[in-house]
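Take a walk through this protein, one piece at a time. Begin with a single residue, then widen the view.

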Amino acid sequence: MTSTTQNALSTKIGRRSFLKMAAIAGAFGATSSFASENVTRPATAEEVKNPFPGSKEVKTICTACSVGCGITAEVQNGVWVRQEVAQDHPISLGGHCCKGADMIDMVRSEVRLKYPMVKEAGQWKRISWDTAYERISKKLNSLRETSGPDAVQFLGSAKMSSEQAYYFRKFAAFFGTNNTDHQARI
Ligand code: SF4
């Protein structure tokens, strides 16, 4: 780094913070060059061409909205390792938006909710789908009895298809309210 760049950076972020960052960067540099000598090596031509040997391509769709753009997922040993837009998808025709482009990270996220959970005594615990449905229906019935059906609003999703939106609307009507919103954005 040149002294001009250092001066510009230290003026912008403050001298003390800059010195701390420089010390950390120096330590990291030393560690990583040590690691690179012992652990890493250049990829072979075959590894560059095929970094996930034995993987297979699986056609899927983005679940973030009801357009359902096509995605080709590359899966290796049951793990989604890479994604591409599905060029041959009849709806999205080889395109998708930024949400679809990040679908792999949504699926593999460590904080992804995979099953129903409840918080009891300050602790989250897993419950079955049957238990979750039972608790939700009990709560809805109790709200309707104590405050009337209009105390509840049903909020849909842009992920819903036309048919799902129809059922969702019917469900609210049977519950006894017109308080619904599809939440459509597209
Ligand atoms: S428009 Fe975007 S969010 Fe909707 S399905 Fe396509 S990629 Fe996903």
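Which residues is Gly-68 in contact with, leaving aside its neighbours within four places in sequence? They are Ile-61, Cys-62 and His-89. Contact here means heavy atoms within 4.5 Å.

A word on the model comes next. This is a predicted model, in which local features need pLDDT of at least 70, side-chain atom pairs count only at pLDDT 80 or more, and totals for chains, interfaces and linings use all residues. Residues are numbered from 1 along each chain as its sequence is written, and side-chain values use heavy atoms, with hydrogens and water left out.

Now the overall layout. The protein has seven helices and seven strands. Helices (H or I, at least four residues) and strands (E, at least two) are DSSP runs, numbered from the N terminus. Read from the N terminus, the order is α-α-α-β-β-β-α-α-β-β-α-β-α-β. Of the 186 residues, 22% are buried. Buried means under 20% relative accessible area, exposed means over 50%, and partly exposed lies in between (1.4 Å probe, protein chains only). The accessible surface comes to about 14,200 Å². Carbon and sulfur atoms hold 57% of that surface. These areas come from the Shrake-Rupley method with a 1.4 Å probe; for residues, only the protein chains shown count as cover. Among contacts with a separation of 6 or more, 37% join residues 24 or more positions apart.

Return to Gly-68. This glycine is found in the loop between strand 1 (56-61) and strand 2. Its relative accessibility is 11%, so Gly-68 counts as buried. In sequence, Gly-68 and Ser-161 are 93 residues apart. In space, their C-alpha atoms are 9.4 Å apart.

Gly-68 also belongs to the shell around the ligand. The other residues there are Cys-62, Ala-64, Cys-65, Val-67, Cys-69, His-96, Cys-97, Lys-99 and Gly-100. Each has a heavy atom within 4 Å of the ligand. By class, the shell has six nonpolar, three polar and one charged residues. In this scheme Ala, Val, Leu, Ile, Met, Phe, Trp, Tyr, Cys and Pro count as nonpolar, Asp, Glu, Lys and Arg as charged, and the others, Gly among them, as polar.

Look at two cysteines of that shell. Is Cys-62 buried or exposed? Cys-62 counts as buried because its relative accessibility is 8%. Cys-97 has 44%, so Cys-97 counts as partly exposed. What does a search for disulfides find? It finds zero in the whole structure. A disulfide is a pair of cysteine sulfur atoms within 2.5 Å.

Cys-69, another member of the shell, leads to Gly-95. Not counting residues up to four places away in sequence, Gly-95 touches Cys-69 and Val-85. Gly-95 is found in the loop between strand 3 and helix 4. At 27% relative accessibility, this glycine counts as partly exposed. Glu-84 is 11 residues away from Gly-95 in sequence, with 9.7 Å between the C-alpha atoms.

Leu-93 is also found in the loop between strand 3 (79-85) and helix 4 (98-101). Its phi is near 50 degrees, a positive value in a residue other than glycine. Leu-93 counts as exposed because its relative accessibility is 65%.

Ala-121 has a positive phi too, near 50 degrees. It is found in the loop between strand 4 (117-120) and strand 5 (123-126). At a relative accessible area of 83%, Ala-121 is exposed.

Turn to strand 2 (residues 70-76), the place of Thr-72. Thr-72 counts as buried because its relative accessibility is 15%. Which residues does Thr-72 contact, leaving aside its neighbours within four places in sequence? The partners are Glu-57, Val-58, Arg-82, Gln-83, Glu-84, Val-85 and Ala-86.

Arg-82, one of those partners, points on to Asp-105. The two are 23 residues apart in sequence and 9.8 Å apart in space, C-alpha to C-alpha. Asp-105 is found in helix 5 (residues 103-108). With a relative accessible area of 40%, Asp-105 is partly exposed.

End with helix 6 (residues 129-147). Its 19 residues reach 27 Å from first C-alpha to last, close to the 27 Å expected at 1.5 Å a residue. The expected span is 1.5 Å times one less than the number of residues. Just after helix 6, Gly-148 takes a positive phi of about 90 degrees.
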